[in-house]
Amino acid sequence: PGGPLDSIARALAEKAGGALGTVVVENRPGAGGNLGADLVAKSAPDGNTIVMGAVATHAINPWLYSKIPYDPIKDFTPITLVAQVPNVLVMNADAAARLNIATLADLVAFAKKNPGRLNYGSGGNGSAGHLAGEMFKAQTGVYAVHIPYAGGAPAQLALLAGQVDFN
C-alpha cells in the first residue's frame, strides 16, 4: 500500500469509476505480489477482477520462487500497458552531506573505499529496486548491504528517515 502500483491503480480507479461505477482497489501484499496475483488468477474470468501486474509478479517471481501458485502467462490476459516506472538511485540528503557525496562518482568512490559501510533499501527481496541495487553493485564493483522492506513505500520512508543510505 502506498507504493507506485497502488498509486497508479487508485488514479485509474478514480478515472474509470465514472464509466464503470464503483471500482475497488484492494491491496493483497505478500510474497512479492504472488498472493494478490494468485487471488486474481483463481477468480472467475468475468472481467470484474483484474490484477495490476508488474515486473515482479510476471517476470521476476517465476525465477525467484521455486513454486508460484499461478502461471504468469496462461492464467492472465494482458489488457494494456498502464505505466513505466523508472528506477532511479536516490541518496539520503543528510548521509550524502555527512559523507561528502555529491555525485554518483562520489558514491561509487566512497563505497569502494568503505565496503559494506553503505546500505540500500528496496521494496523487498526480488523487487525491481532490489535487483537494480544488485546490478548497480555488480557493475560498479562496490559492496553495500541490502535492507529489504515490505514494499516500496516503507523503503522510501526508511530513506527519508535516514535508516538507509540510498534506494
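Where does valine 164 lie? You'll find valine 164 in the segment after α7, the helix that covers 152-160. Keep in mind as you look around that this is a predicted model. The protein chain averages a pLDDT of 92, and 100% of the residues score at least 70. Helix by helix and strand by strand, the lowest mean pLDDT belongs to α1 (residues 4-20), at 89, and the highest to α5 (residues 104-113), at 98.

## Two neighbours after α7

Let's stay with valine 164 for a moment. Is valine 164 buried or exposed? Its relative accessibility is 0%, so valine 164 counts as buried. Leaving aside residues up to four places away in sequence, valine 164 touches Asn92, Asn119, Tyr120, Gly121, Ile147, Tyr149, Ala155, Ala158 and Leu159. You can also check a distance: the C-alpha atoms of valine 164 and histidine 146 are 9.2 Å apart, with the two positions 18 residues apart along the chain.

Now step back to glutamine 163, which also sits in the segment after α7. Glutamine 163 has 52% relative accessibility, so it counts as exposed. With residues up to four places away in sequence left out, glutamine 163 touches Asn119, Ile147, Tyr149 and Ala158. Its C-alpha atom is separated by 12 Å from that of valine 145, 18 residues away along the chain. Just after α7 there is also glycine 162, with a positive phi of about 80°.

What about α7 itself? Its buried residues are Ala153, Ala155, Ala158 and Leu159, and these pack against β1.

## Strands and a crossover

Strand β1 takes up residues 119-122 and strand β2 residues 145-148; the two run parallel and are joined by four bridges. If you want a spot to look at, find serine 122, which stands opposite proline 148 in β2. To get from β1 to β2, the chain passes through helix α6 (residues 128-140), and this β-α-β crossover is right-handed.

## An aromatic cluster

How many aromatic pairs does the structure hold? There are three. Here are two of them, side by side.

| Pair | Centre to centre | Angle between planes | Type |
|---|---|---|---|
| Tyrosine 120 and phenylalanine 166 | 5.6 Å | 20° | stacked |
| Phenylalanine 136 and phenylalanine 166 | 6.0 Å | 75° | edge-to-face |

Tyrosine 120 lies in strand β1, while phenylalanine 166 belongs to the segment after α7, so their pair ties together parts that are 46 residues apart in sequence. Tyrosine 120 counts as buried because its relative accessibility is 1%. Phenylalanine 166 is buried too, with a relative accessible area of 3%. The other pair brings in helix α6: phenylalanine 136 lies there and phenylalanine 166 in the segment after α7, so this pair ties together parts that are 30 residues apart in sequence. Phenylalanine 136 is buried, just as phenylalanine 166 is. Put together, Tyr120, Phe136 and Phe166 make up one aromatic cluster.

Helix α6 also holds lysine 137. Is lysine 137 buried or exposed? Lysine 137 has a relative accessible area of 10%, and buried means under 20%, so lysine 137 is buried. Apart from residues up to four places away in sequence, lysine 137 touches Tyr120, Val142, Tyr143 and Ala144.

## Helix α5 and the loop before it

Which residues of α5 are buried? They are Leu107, Val108, Phe110 and Ala111. Looking down the axis of α5, you'd see its buried residues fall within an arc of 165°, so they line one face of the helix. The buried residues of α5 pack against α6. On the face of α5 turned away from that buried side, there are the exposed residues Ala105 and Lys113.

The loop between α4 (93-98) and α5 contains asparagine 100. Phi of asparagine 100 is near 60°, a positive value in a residue other than glycine. Asparagine 100 has 64% relative accessibility, so it counts as exposed.

Terms used. Residues numbered from 1 in each chain as written. Predicted model: local features only at pLDDT ≥ 70, side-chain atom pairs only at ≥ 80, totals over all residues. Heavy atoms only, no water. Pairing = 2+ DSSP bridges. Right-handed = clockwise from strand over helix to strand, strands pointing away. pLDDT = per-residue confidence, 0-100. Buried < 20%, exposed > 50% of the residue type's maximum accessible area, 1.4 Å probe, protein only. Arc of directions from axis to C-beta. Contact = heavy atoms within 4.5 Å. Phe/Tyr/Trp six-rings, centres within 6.5 Å; stacked < 30°, edge-to-face > 60°.
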